[in-house]
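Student: Could we go through this structure together? I would like to begin with the strands.
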Amino acid sequence: MFLEKVNSPEDIRGLSVKELAALCKEVRDYMIECCSSNPGHIGSSLGAVEIITAVHYVFNTPSDKLIFDVSHQSYAHKILTGRREQFRTLRSSGGLAGFACRDESPYDCFGGGHSSNSISAAAGFAEAALLKGTGDKTVCIIGDGALTGGEAYEGLNNLGGSDKDVLIIINDNNFSISRNIGGMHEYLLHITTGRMYNTIKEHVWNRVGDSPVRRLLSRVARTTKSFFVKKTGGDAFEALGFRYFGPVDGNDIGQMVKVLRRLKNLHGPLILHAVTTKGKGFAPAEEDQATWHAPGAFDPETGKRKTAPSASASRYQDVFGETLLELARADSSVVGVTPAMSLGCGMNLLATEMPERFFDVGIAEQHAVTFSAALAAAGMRPFCNIYSAFSQRAYDQIIHDIALQRLPVVLCFDRAGLVGEDGATHNGVFDITAYRSIPGAVIAAPSDEMELRNMMFTALASDTGPFIIRYPRGYGEGVPWRGLTPEILPVGRGVRLSGGDTVAVFACGPLVGDALRALEALDEETASRVRVYNMRYVKPLDESLLEDAAGAGCRTFITLEDAAVKGGLFSAVAEWTAMRGKGIRVVPLGVGDEFIPHASQRQQHSQCGIDVPGIAAAIKAAMENSEEK
């Protein structure tokens, strides 16, 4: 057993390459054991074990920097850098984060839960090393579609041709990329990473300078290399100013160590193309890579997934997916756009039945929004589904390309609110604050499955944009919705659900149901004095409901939202009361001025006081405050 003796990369560096192979197997087995009962993103991490182990073996981490993109492939890194036992707490409250986190370890030099930022971060670390004269190397591992994100290309463009010592390892786990393995490839790889070749390239090449001779040699070199190494993508990277090496077998620890040892001593920006198998070493994960990206709990021996108890409610993503398909069947102008989230958001149904009207643009939220805007300008009716936390990446496009041109694009923000185990990087709590100030924007927050269905029909009937519908991760309230006739809900109008004359609760989204359950937890007399509203829309705000509460004598308003209170529903209501001089106290319930760490959704809601006990306590406190006055 090697793993139990590894508490830092220093312990790894004392092993032979043959022993490293055994260590990699132990890391993989340990990962499977832990993730079987404490689920996470296992598929990508299984495939990256050898790459990570080899980097720590060859480079002097943490002085040399290792950056991950996306860092859900970093599980082996966590296990090998002193967090082996803590790994059993992955993604649970108080435990390890599911992504690289600077607060956890000096080996996590840069956090990363979102995609495509590693190359830009690597450029920053490499520049700092130059300015400080430390000689530290910088390595980033990018994969799982992150090269489809625009920021990755911005980083490549900035780094290419520079003097920064950066090694970009492309963790290519896509089976559509041919595995260029064989005698000639090994020979060319040996030459291009060899000491003599690179001594000549660094010294002789630079002395030739920018001359007709150099340009001639460059053309010959590119032609010769592309003749032997076809379809690798290397020419594109070299055109940007990188020196490209590979492809190599990223799951061969011996080859990875050998190549990295040679590349470590080279200068300038380098790219190593490593082909790996997503789910490597666990047959079920290799055979069904999409499912095993994040499979939930499973039996580590058989690979059988442990299904959650059947729920009477539907998942919001299923409501979206089925309703979108229904809309598309009835209206030929309806199309679906998603940045690499088709399965997670439910758009796979449209993709299967109407592939010509389904567009997965890759991890490129900015492009998804502008692409949707142009579709709308050309007469189509796009439904663009983006996870709420990822919509932040397309803020400018939502303003400039949709809102300013008043284009009827429906933006469906899945995973709005607190998302649970994925934590702070994925919590979709900033969308209301971000988009409420945009002129002409509509922000709808359905309280249950049927309201989501209704709002999708309402959005299609509307000619404004952006029309934003935000809804949470997970299951709804259990209300019937399939096959029911949809209702067009007037934009900017909510509904009162209970009468009272002391405290008014203005709720949006599924927290409307929790507000009603909080009333049930109160004594009958207290509950009778509380007025509850389902706002339905945060923008436009239904001011008639605020007038209704004030006219009924309610002197305390409680706003309830699964989002940041600063700039959200609380701010909208507080602005209204301040401008009208009503003398009403507004109490916010939502996410405060902090990042909420990973835990279950139930635990996160409790922490923020937006679960049933928290809402009931706030109502009682407001009632007591009113009685004192």
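Tutor: Certainly. Please keep in mind that this is a predicted model. Strand β2 and strand β3 (residues 166–172) run parallel and are joined by six bridges.

Student: Which residue in β3 is the bridge partner of G143?
Tutor: The partner of G143 in β3 is N171.

Student: Through which helix does the chain cross from β2 to β3?
Tutor: The chain passes through helix α7 (residues 150–159) on its way from β2 to β3, and this β-α-β crossover is right-handed.

Student: What about β1 and β2, how many bridges join them?
Tutor: Five bridges join strand β1 (residues 65–69) to β2, and the two strands run parallel. One of the pairs places L66 opposite V139, its bridge partner in β2.

Student: Is β2 mostly covered or mostly open?
Tutor: Strand β2, residues 138–143, is mostly covered, as six of its six residues are buried. T138, C140 and I142 point one way, V139, I141 and G143 point the other way, and all of them are buried.

Student: Let us change topic. Where is R28 placed?
Tutor: R28 belongs to helix α2, which spans residues 17–37.

Student: Why does R28 count as buried?
Tutor: Its relative accessibility is 7%, and buried means under 20%, so R28 counts as buried.

Student: What lies 2.8 Å from a polar atom of the R28 side chain?
Tutor: That is the backbone oxygen of L46. Apart from neighbours within four places in sequence, R28 is in contact with L46, V49, E50, N251, K280 and G281.

Student: V49 and E50 are on that list. Which buried residues does helix α4 have?
Tutor: V49 and E50 are among them, together with I51, I52, T53, A54, V55, H56, Y57 and V58. Helix α4 covers residues 49–58, and 10 of its 10 residues are buried.

Student: Now the other sheet, please. What is the order of the strands in the open sheet of five?
Tutor: The order is β12-β14-β13-β16-β17, and the pairing is mixed. The edge strands are β12 (495–496) and β17 (585–591), each of which pairs on one side only.

Student: Which helix packs on the sheet and touches β12, β13, β14 and β16?
Tutor: That is helix α24 (residues 543–551), and its direction makes about 175° with that of β14.

Student: And which strands does helix α25 lie across?
Tutor: Helix α25 (residues 569–580) lies across β13, β16 and β17, and runs at about 150° to β16.

Student: How does one describe two packed helices?
Tutor: One gives the angle between their axes and the distance between the axes. For α24 and α25, the axes come within 11 Å and cross at roughly 60°.

Student: Is the crossing of α24 and α25 left-handed or right-handed?
Tutor: The crossing in which α24 passes α25 is right-handed.

Student: Which residues meet there?
Tutor: On the α24 side they are E543, L546 and E547, and on the α25 side V573, W576 and R580.

Student: Back to β13. How is it joined to β14?
Tutor: Strand β13 (residues 503–507) runs parallel to strand β14 (residues 530–534), with five bridges between them. Within β14, V530 is the bridge partner of V503, and N534 is that of A507.

Student: In which sense do β13 and β16 pair?
Tutor: They pair in the parallel sense over five bridges. V505 has I558 as its bridge partner in β16.

Student: Are the residues of β13 buried or exposed?
Tutor: Five of its five residues are buried. V503, V505 and A507 point one way from β13, whereas A504 and F506 point the other way.

Student: One residue of β16 interests me, T559. Why does it count as buried?
Tutor: T559 has 0% relative accessibility, and therefore it counts as buried. Leaving out residues up to four places away in sequence, T559 touches F506, L569, F570, V573, V586, V587, P588 and L589.

Student: Finally, how many helices and strands does the protein chain have?
Tutor: The chain has 27 helices and 17 strands. Of its 629 residues, 57% are buried. Among contacts with a separation of 6 or more, 76% are between residues 24 or more positions apart.

Key: Residues are numbered from 1 along each chain as its sequence is written. This is a predicted model: local features need pLDDT of at least 70, side-chain atom pairs count only at pLDDT 80 or more; totals for chains, interfaces and linings use all residues. Side-chain values use heavy atoms; hydrogens and water are left out. Helices (H or I, at least four residues) and strands (E, at least two) are DSSP runs, numbered from the N terminus. Buried means under 20% relative accessible area, exposed over 50%, partly exposed in between (1.4 Å probe, protein chains only). A polar contact is a pair of N or O atoms within 3.5 Å; within protein, one must be able to donate a hydrogen and the other to accept it, and residues adjacent in sequence count only if both atoms are side-chain atoms. Contact means heavy atoms within 4.5 Å. Two strands pair if DSSP finds at least two bridges between them. A crossover is right-handed if, with the strands pointing away from the viewer, the path from the first strand over the helix to the second runs clockwise. Axes are lines fitted to C-alpha atoms, for helices over the stretch in contact, and angles run from 0 to 180 degrees between N-to-C directions. A crossing is left-handed if the near helix is turned anticlockwise from the far one by less than a right angle, and right-handed if clockwise.
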